[in-house]
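Student: I'd like to learn how to read a fold from its strands and helices. Could you walk me through it?
Tutor: Gladly. Let's look at the model together.

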Amino acid sequence: MRTATPRRYLMCPPTHFRVTYSINPWMDPAKPVDLPLALTQWEELRDRYRALGHTVEELRPRPDLPDMVFAANGATVVDGRVLGARFAHPERVPEAAVHLEWFRAHGYREVREPEHINEGEGDFAVTASYLLAGRGFRSSPLSHPEAQEFFGRPVIGLDLIDPRYYHLDTALCVLDGDEVMYYPGAFSPGSRAVLARLFPDALIATEADAAALGLNAVSDGRHVLLPQAAVGLFAPLRQRGFEPIGMDLGELLKGGGSVKCCTQELR
Ligand code: ARG
């Protein structure tokens with residue numbers, strides 16, 4: 001069995017969640033959202049983290065920012081250093097300042113407002129050796145050298161090519177150390193080759209599990225919280241010694257996000 005390490009997460013309740021605009025193929029403003037159900041599903045995720053011994057900090061939601069529930073996009077934090085976000089779509093731009101303000105109010109000293117567009121942990125994933133960085137739909141390639149300089153970690157740029165997987169965290173999940181799972185179809189041929197070279201033992205997800213947003217998962221080194229509909233991932237995760245925990249975030253899926261999108265890790 002694997003060992004979990006206690007984590008700190010930043011989350012934002014979906015108090016004002018709705019789908020009134022569409023900035024990714026999952027969002028259909030014609031489809032109604034069941035807000036009370038969204039809240040219940042989100043609370044179950046938050047409470048599950050707490051039951052596993054993790055700390056969850058909460059960001060106060062703003063009525064004019066319906067996507068704030070996807071807190072992973074608001075910043076990237078490594079070793080207490082905070083690289084803020086700069087959103088690609090005008091609808092989400094003001095979220096970045098809310099995050100920066102939260103970090104400043106909570107004693108973080110190294111807080112950088114970025115020059116280039118980056119959507120936080122939506123496109124940055126931290127492994128033991130690298131900072132994996134997605135580009136193609138949201139984050140600018142110019143945000144990669146900016147992040148490398150700020151964090152002093154080698155950045156590996158990865159090209160996303162399928163609009164359904166518009167953020168890196170919809171197509172790749174860090175399980176532990178330098179162990180990842182990902183869906184190759186979301187990446188350009190060159191990026192696929194890079195991933196195969198860096199992570200020869202990666203868990204490779206099927207198209208069906210990726211389409212259930214199964215890679216939008218959070219691991220504490222042992223427990224892997226993931227969308228329960230990604231049924232094909234459970235057995236391979238168990239084989240590797242992980243404990244998969246299926247979550248239902250069906251209402252938030254209407255916004256194009258699931259477990260990981262709702263969870264920013266404060267490293
Ligand atoms: N509606 C949000 C957007 O399109 C969803 C963000 C999902 N978050 C994520 N980390 N992939 O920006």
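Tutor: Let's begin with a right-handed β-α-β unit, made by strand 13, helix 6 (residues 234-239) and strand 14. Keep in mind that this is a predicted model.

Student: How many bridges join strand 13 to strand 14?

Tutor: In general, strands of a sheet pair through backbone hydrogen bonds, in either a parallel or an antiparallel sense. Here, strand 13 (residues 223-227) and strand 14 (residues 243-247) run parallel and are joined by 5 bridges. You can locate the pairing at H223, which stands opposite E243 in strand 14.

Student: In what order do strands 6, 7 and 8 form their sheet?

Tutor: The order is 6-7-8, in an open sheet of 3 strands with mixed pairing. Strand 6 (124-126) and strand 8 (155-159) stand at the edges; each has a single partner strand, so one side of each is left without a neighbour in the sheet. From one strand to the next, the twist averages 25 degrees.

Student: In which sense do strand 7 and strand 8 pair?

Tutor: Strand 7 (residues 131-135) pairs with strand 8 in the parallel sense, over 5 bridges. Within that pairing, A133 has G157 of strand 8 as its bridge partner.

Student: Which strands does helix 3 lie across?

Tutor: Helix 3 (residues 143-151) lies across strand 6, strand 7 and strand 8, and runs at about 160 degrees to strand 7.

Student: What is the strand order in the open sheet that contains strand 4?

Tutor: That sheet has 3 strands in the order 3-4-5, again with mixed pairing. Its edge strands are strand 3 (75-78) and strand 5 (111-112), each pairing on one side only. Strand 4 (residues 81-84) pairs with strand 5 in the parallel sense over 2 bridges, and the bridge partner of V82 in strand 5 is V111. Helix 2 (residues 95-105) packs on this sheet, touching strand 3, strand 4 and strand 5, and its direction makes about 165 degrees with that of strand 4. Helix 3 also packs on the sheet and touches strand 3, strand 4 and strand 5.

Student: Now a single residue: is L39 buried or exposed?

Tutor: Count neighbours: 20 or more other C-beta atoms within 10 Å would make a residue buried, and 12 or fewer exposed. L39 has 16, so it is partly exposed. L39 lies in helix 1 (residues 35-51) and, leaving aside neighbours within four places in sequence, is in contact with P13 and P14.

Student: Which residues come nearest the ligand?

Tutor: Of the 16 residues around the ligand, those are F70, G122, H167, G257 and C261. The shell divides into 5 nonpolar, 8 polar and 3 charged residues.

Methods:
Residues are numbered from 1 along each chain as its sequence is written. This is a predicted model: local features need pLDDT of at least 70, side-chain atom pairs count only at pLDDT 80 or more; totals for chains, interfaces and linings use all residues. A residue is near a molecule or strand if its C-beta atom, placed from the backbone, lies within 6 Å of it. Ala, Val, Leu, Ile, Met, Phe, Trp, Tyr, Cys and Pro count as nonpolar, Asp, Glu, Lys and Arg as charged, and the others, Gly among them, as polar. Helices (H or I, at least four residues) and strands (E, at least two) are DSSP runs, numbered from the N terminus. Two residues are in contact if their C-beta atoms, placed from the backbone, lie within 7 Å. Two strands pair if DSSP finds at least two bridges between them. Axes are lines fitted to C-alpha atoms, for helices over the stretch in contact, and angles run from 0 to 180 degrees between N-to-C directions. A crossover is right-handed if, with the strands pointing away from the viewer, the path from the first strand over the helix to the second runs clockwise.
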